[in-house]
Amino acid sequence: MEKKSSPLPNEILAEDVTQMSPNSSYDDLNDLTLIPNNNIHHQLEKVCTTKTEKYDMEHGGLEVVEPIQTNITMASVIELPDEHNAFYKGIPNGGYGWVVAIVGFLINFVMFGTASIWGVFSNAFATTVLKDKASTIELMGVGATLIVCLNVFTPLNPIMAPLGARPTMMIGSTLMALGIILAGFSTEVWHLYLSQGVLFGIGASIVYMSIVSVIPQWFTTRRGTAMGISSAGSGFGGLALSPMVSSLVEKYGLPWTYRIVGLMAFGIGMLASCLIRTRLPPGHVHQPKKSPIRLSLLKDVNFVIMLFGVVISLTGYLIPLFYMPKYCAAHGISAIQSSNIVGVACAMNAIGRLVLGYFADRIGRLNMYVMSSTFAGLMCMLLWPFAKTYETMMAFAVLFGFTCGIYYALAPPITAAVVGPDNISAGLSILFLASAISGTGPPIASAIQEATPGGGYLGVQMFSGSVYIFGSIICVALKLKMTGSLFSNM
């Protein structure tokens, strides 16, 4: 038996079911009440019912079930927890979890900070070690390989899970640092593909998935704040590492710059590995390992449309970041100034994720994604072509940087809204793999530049902006298909 104090519209009190109709019944498995449909004869209507009391099998009588108010939504979880497991009632929602969030900040500082400033590294290679030995498209391919490996090797995490988070993170940090250090010994472009592309990319993927899976174990209502602290490391990493790398190259040369950055990455990675701590439920080791990928989700038309929209728009993300140093050099802006521009773009990226993510909860995540991606595309097409001085390039870095990384803030919750709570894990796994396609953006832009008369950048700028806007248009089509309205909150 159950009852409900304040039924919502279209809901019914369970204790009144039998009074309404002798044909009504309660489906305990799905928390649904079956009642006759007055509009359609000979059919039953399923009505949602919320339990507030349950029968105590041991002592008899009804026991009140107290509701727990939280801020958890479909977008906040990777796997739905077992509501009957007492372990989940003791989640600290803080405590040592804040240390884990700081660990995430440090990891993202090194990992995404190094990845996002590949343009600074490639420009240094193009003017020193690999001068006249590697084309722009070949150098941009290194950064693309890094991004592809970071996404493609995410399924390694479930395979390495039995080792534990700490050994897994140590392995990933070692591979990541080794990739950076070995890149300093590169004398041919294929050396970079193997070191900073493949080796660093695999290590970064292992480390990234480790920290992403651990932070949610410590939080419930403050999970968004913790993830925000962690992801902010990527922006501040780019802000700090970009001018640091330019200064080190100028003073000590490119090889020693890589060794210094690699040793720093190893030290931070080991520190983070020592501080990481998991909080897993009893018996998790004995749970069967399931594949994180379910290809059956690709039968969901809405999900496929969403993948096309977000991945196409993400293709334009890396192009300005990778091209800024080379573009600045072509217009007489010094290497130090160009590295400052890249750093500011990365910092604004981190700030934008937090600010836009906050407002997205109020106006709709897909709405914010469309507006931000469209704005980033317009900045590439309307402002970047006219930014030829340090001041105008800095303005472009601020405006573009604020909105360019919206994918990383909103794509996961949008995925959750499209596929539903039961398919979040599988949906995100497919999303990560599909996102590897976006790594082709910089090489395609390089090919466009080589085909442009005089090697100009207008084709690069138009391509970067157009993919942002085209992806946004696809997302608008998804919204119309799912809600039927252009102005709905989604």
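Which residue takes a positive phi just after α12? In this predicted model, where residues are numbered from 1 along each chain as its sequence is written, local features need pLDDT of at least 70 and side-chain atom pairs count only at pLDDT 80 or more, while totals for chains, interfaces and linings use all residues. Side-chain values use heavy atoms, with hydrogens and water left out. The residue in question is Gly364, whose phi is about 110°.

The helix that precedes Gly364, α12, covers residues 335–363; helices here are DSSP runs of H or I with at least four residues, strands are runs of E with at least two, and both are numbered from the N terminus. With 29 residues, α12 reaches 40 Å from its first C-alpha to its last, close to the 42 Å expected, where the expected span is 1.5 Å times one less than the number of residues. In total, the protein has 18 helices and five strands.

Helix α2 (residues 97–116) can be read in the same way: its 20 residues should span 28 Å, and its end C-alpha atoms are 27 Å apart, which agrees. Even so, α2 bends by about 30° at Asn108, the bend being the angle between axes fitted to the seven residues ending there and the seven starting there. Of the 20 residues in α2, 15 are buried, that is, under 20% relative accessible area with a 1.4 Å probe and protein chains only.

Across the 490 residues of the protein, buried residues make up 50%. The largest nonpolar core has 115 residues, such a core being a set of buried Ala, Val, Leu, Ile, Met, Phe, Trp, Tyr and Cys residues joined through side-chain atoms within 4.5 Å. Helix α7 (residues 189–214) gives the most to this core, with 10 residues. Leu192, Tyr258, Met306 and Met393 have the most contacts inside the core. Beyond the residues up to four places away in sequence, Met393 touches Met324, Tyr327, Cys328, Ile333, Ile341, Trp384 and Ala387, a contact meaning heavy atoms within 4.5 Å.

A polar residue, Asn302, lies in helix α10 (residues 301–314) and is buried, with a relative accessible area of 16%. Its side chain makes a polar contact with the side chain of Lys481 at 3.0 Å; such a contact is a pair of N or O atoms within 3.5 Å, in which, within protein, one must be able to donate a hydrogen and the other to accept it, and residues adjacent in sequence count only if both atoms are side-chain atoms. Leaving aside neighbours within four places in sequence, Asn302 is in contact with Val418, Leu478, Lys481 and Met482.
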